[in-house]
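Reader: I'd like to go through the side-chain contacts in this model and hear the reasoning behind each label. Can you take me through them?

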Amino acid sequence: MNKNIILLILSSIFILSCNEKEKKTSELLKKYDKIRLISYNTHRDVYNSNYKLKIENDTVIIPETSIVDNIILDKHYSKKIAEVLLSTENECLMADCYNPRHIILFYRQNKIVDFYEFCAECGGSVQSKNINFPQFCTGKGDRIIEIFKEMKLKNDGEETENFKYF
């Protein structure tokens, strides 16, 4: 087959997949009025009785943790993070732990309607029933950490002396 035809076919497939990714991201972001990102000072201990994530009066209640970052995402970062969350990994590696230190809250009319809590280190996640992101995986965690570093978050997802996972 002619090299130009192969190049044209591959280019077309790439453009179509980019358009599909853009469409999914756009559709997700249109569903919400605002998106908030919260990070915790330590992982939420999911291995004891405090496991249940509580949302009351549009506030997240996580016993024995303090909030480090609490920001409303602008359109730029909402899109970047949504693209990562909606992506699929060819190889999905996950650890057997779950030490979440970040949660994304999705709002409509100033009410929390969805959430997505995750551990950037191990790749584990928990999400509300109305959203359906593919598995998080450690590869997505690496990409999210890069975005968090770009955002200059205090808790960028990497373990440090101040922010321990274990």
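Author: Below are the charged pairs, then the aromatic rings. This is a predicted model, where local features need pLDDT of at least 70, side-chain atom pairs count only at pLDDT 80 or more, and totals for chains, interfaces and linings use all residues. Residues are numbered from 1 along each chain as its sequence is written, and side-chain values use heavy atoms, with hydrogens and water left out.

Reader: What makes Asp58 and Lys111 a salt bridge?

Author: A salt bridge is a side-chain nitrogen of Lys or Arg within 4 Å of a carboxyl oxygen of Asp or Glu. The closest N and O atoms of Asp58 and Lys111 are 3.8 Å apart, so the pair fits that rule. Asp58 sits in the loop between β2 (54–56) and β3 (59–61) and Lys111 in strand β6 (residues 111–118), so the bridge ties together parts 53 residues apart in sequence. (Helices, H or I with at least four residues, and strands, E with at least two, are DSSP runs numbered from the N terminus.)

Reader: Why is Lys111 called partly exposed?

Author: Buried means under 20% relative accessible area, exposed over 50%, and partly exposed in between (1.4 Å probe, protein chains only). Lys111 comes out at 48%, so it falls in the middle class. Asp58, at 26%, is partly exposed too.

Reader: How do you know that Glu150 and Lys80 form a salt bridge?

Author: Their N to O distance is 2.9 Å, so the pair passes the cut-off. Glu150 belongs to helix α3 (residues 137–150) and Lys80 to helix α2 (residues 75–86), so parts 70 residues apart in sequence are tied together. The search of the whole structure finds two salt bridges.

Reader: Over to the rings: how many aromatic pairs are there?

Author: Seven turn up in the whole structure. Rings of Phe, Tyr and Trp (its six-membered ring) pair if their centres lie within 6.5 Å; planes under 30 degrees apart are stacked, over 60 edge-to-face, and the rest tilted.

Reader: Why is the pair of Tyr116 and Phe118 called tilted?

Author: The centres are 5.9 Å apart and the planes sit at 35 degrees, so the pair is tilted. Tyr116 is buried at 0% relative accessibility, and Phe118 is buried at 0% as well. Tyr116 also pairs with Phe136, at 6.2 Å and 50 degrees, so that pair is tilted.

Reader: What makes a cluster of these rings?

Author: Ring pairs link Tyr32, Phe106, Tyr116, Phe118, Phe133, Phe136 and Phe148.
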